[in-house]
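Grab a pencil and work through these exercises with the structure open beside you. Try each task yourself before you read the solution.

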Amino acid sequence: MTVDSIHILLIEDNLAEARLLQEFLKEGSFKEFSLVHVKRLSEALDAIGDDICAPCLYDLILLDLTLPDSQGLESLKPLITRAPCLPIVVLTNTNDEQLAIEAVRKGAQDYLVKRQINPQLLIRSLRYAIERKQVLETLRALNESLKNRVEERTAELIKAREVNQFKSEFVSILSHDIRNPLNAILLSAGLLKSSDDQLTPDKKVAHYQMIRSAIKNMSLLLDEASFIGQADSGKLNCELIEIDLIGFCHAIVDEIQLTAAQKNIDIVFNIKGNHINILGDEKLLHHILTNLLGNAVKYSLSNSKVIFDLIFQSQAVILRIQDSGIGIPIQEQKQLFQPFHRASNVGKIPGTGLGLAIVKKSVEAHGGEIYVQSQEGIGSTFTVTLPLLKS
Ligand SMILES: Nc1ncnc2c1ncn2[C@@H]1O[C@H](COP(=O)(O)OP(=O)(O)O)[C@@H](O)[C@H]1O
Ligand SMILES: [Mg+2]
């Protein structure tokens, strides 16, 4: 739009006034103008339409403040709501100037006192109203974009602060967890050196075994921590290949069954649905299954069963691992997927608290979901849903 060609919506119930304004507009210096005249507010609202996103048919509203279906300032609000970008110039009688000033405060761009209007004054007021509204709109848009940028930046800063806090907690817990096995190694190595001649061969073997197992624990902890670090910095590699999931699961069940046998725990493996090869990352799937099956065995009492259901559906594959072990207190279930969180009922059962965090990251890398249902003292069921990815 240029200010030389404008489309005006005139809302005026008095025909003589309307005609006079039209005359003034013709005499004025607009190269082109069009005017739609309505006598009621309701007709004006119809003329504007109710789609506030649609491009506006008009450049300006000339509004008489005394209409048959709306009095005074009441007319402003519905018009501004319906067409927030349209400038409004109000028309008042000589004794209504106070009301006109109030209208400007409430969102009109200007006012004209009817008896004082002449063509120059009218044109100047209309041009001024349109330009002022354009400036206001530009400012409003700028303000909005600044507000959005401030919000985005604040969210980024909060996230960065959380990540920093998480990193320092992570490092301090990790150092603490490494110190324990290190102390055990130092102690055993010290004893082996200083009291070598007093130690029986059996005691020596026990100390060597202690050192080996402390080193194994440390090495596992470091591997797990480095996995979480990689995942958090977005460097988790997810290489999808076609996998025969049944064969893959059988191999892992056999592997875990060896540990389970020491507690006389039986892993029952059921396959349901129509078997198809899936696309997945072998390493990540291995993490998922060894951790979930390993936990089920570790947190179960001797002489029990762990049930592993592998369910093929049309859009997804479900891995469900169910045990009747110690269970997890309900209020602690959500946090267990965060690194280092262990439930309060684990007692002396060893662990790093990193396994489920690794499982969750591995599941998410496949676009899947994991949830837990558990009751303390009764048992737990972990359910992983992986979408069937297409090659
Ligand atoms: N099958 C389960 N039964 C009972 N508790 C479980 C089970 N699996 C996980 N948990 C709880 O979740 C915590 C986190 O598990 P995980 O991350 O694998 O760490 P970890 O086993 O090394 O402690 C465990 O410490 C335990 O409290
Ligand atoms: Mg574990």
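## Exercise 1: A salt bridge between two helices

K361 is partly exposed, with a relative accessible area of 24%. Keep in mind as you go that you're looking at a predicted model.

**Task.** Find the residue whose side chain meets K361 in a salt bridge, and say which helices the pair links.

**Solution.**
- Step 1. Look around the side chain of K361: its salt-bridge partner is D232, at 3.0 Å from N to O. The cut-off for a salt bridge is 4 Å, so this pair passes.
- Step 2. Check how open the partner is: D232 has 42% relative accessibility and counts as partly exposed. For that label, the value has to sit between 20% and 50%.
- Step 3. Place both residues: D232 sits in helix α6 (residues 201–232) and K361 in helix α9. With 129 residues separating them, the pair links distant parts of the chain.

## Exercise 2: How α6 and α9 pack

**Task.** Describe how α6 and α9 pack, using the angle and the distance between their axes.

**Solution.**
- Step 1. Two packed helices are described by the angle between their axes and by how far apart those axes are.
- Step 2. For α6 and α9, the angle is about 35° and the axes are 10 Å apart. Their crossing is left-handed.
- Step 3. Now list who meets whom: α6 brings E224, F227, I228, A231 and D232, while α9 brings G355, A357, I358, K361 and S362.
- Step 4. Sort those contact residues by type, and you get five nonpolar, two polar and three charged.
- Step 5. Turn to the buried side of α9: G355, L356, A357, I358, V359, S362 and V363. These buried residues pack against α6, and also against α8, β13 and β14.

## Exercise 3: Another helix pair

**Task.** Is the crossing of α7 and α8 left-handed or right-handed, and which residues meet there?

**Solution.**
- Step 1. Start with the geometry: the axes of α7 and α8 come within 10 Å and cross at roughly 35°.
- Step 2. Handedness next: α7 passes α8 in a right-handed crossing.
- Step 3. On the α7 side you'll find L245, F248, C249, I252, V253, E255, I256 and A260. They meet E282, L285, H286, L289, T290, L293, G294 and V297 in α8.
- Step 4. Sorted by type, the contact has eleven nonpolar residues, three polar and two charged.

## Exercise 4: Into the core

**Task.** How many residues does the largest nonpolar core have, and which element gives the most to it?

**Solution.**
- Step 1. The largest nonpolar core has 40 residues. L245, L292, L293, F308, L310 and L319 have the most contacts inside it.
- Step 2. See which elements supply at least two residues each: the helices α7, α8 and α9, and the strands β9, β11, β12, β13 and β14. α7 gives the most, with eight residues.
- Step 3. Zoom in on F308. Skip its neighbours within four places in sequence, and its contacts are C249, V253, V268, F269, N270, L289, L293, L319, R320 and I321.
- Step 4. Don't stop there: a second, separate core has 22 residues, including I61, L67, A83 and A100.

## Exercise 5: A salt bridge inside one helix

**Task.** Why are R153 and E156 separated by about one helical turn?

**Solution.**
- Step 1. R153 forms a salt bridge with E156, and the closest N and O atoms are 2.9 Å apart.
- Step 2. Both lie in helix α5 (residues 119–194), and because they're three residues apart there, about one helical turn separates them.
- Step 3. Both ends are partly exposed: R153 at 47% relative accessibility, and E156 at 46%.
- Step 4. For the wider picture, the count of salt bridges comes to 13. E12, D64 and K114 are linked in a network of salt bridges.

## Exercise 6: Positive phi

**Task.** Where are N264 and N303, and what is the phi of each?

**Solution.**
- Step 1. Recall the background: most residues other than glycine have a negative phi.
- Step 2. N264 has a positive phi, near 55°, and is found in the loop between α7 and β9.
- Step 3. N303 has a positive phi of about 60° and isn't a glycine either. N303 lies in the loop between α8 and β11, and at 57% relative accessible area it is exposed.
- Step 4. Compare a glycine: G367, just after α9, takes a positive phi of about 75°.

Note on methods:
Residues are numbered from 1 along each chain as its sequence is written. Chains are lettered from A and ligands numbered from 1 in the order in which they are written. This is a predicted model: local features need pLDDT of at least 70, side-chain atom pairs count only at pLDDT 80 or more; totals for chains, interfaces and linings use all residues. Side-chain values use heavy atoms; hydrogens and water are left out. A nonpolar core is a set of buried Ala, Val, Leu, Ile, Met, Phe, Trp, Tyr and Cys residues joined through side-chain atoms within 4.5 Å. Buried means under 20% relative accessible area, exposed over 50%, partly exposed in between (1.4 Å probe, protein chains only). Helices (H or I, at least four residues) and strands (E, at least two) are DSSP runs, numbered from the N terminus. Contact means heavy atoms within 4.5 Å. Axes are lines fitted to C-alpha atoms, for helices over the stretch in contact, and angles run from 0 to 180 degrees between N-to-C directions. A crossing is left-handed if the near helix is turned anticlockwise from the far one by less than a right angle, and right-handed if clockwise. Ala, Val, Leu, Ile, Met, Phe, Trp, Tyr, Cys and Pro count as nonpolar, Asp, Glu, Lys and Arg as charged, and the others, Gly among them, as polar.
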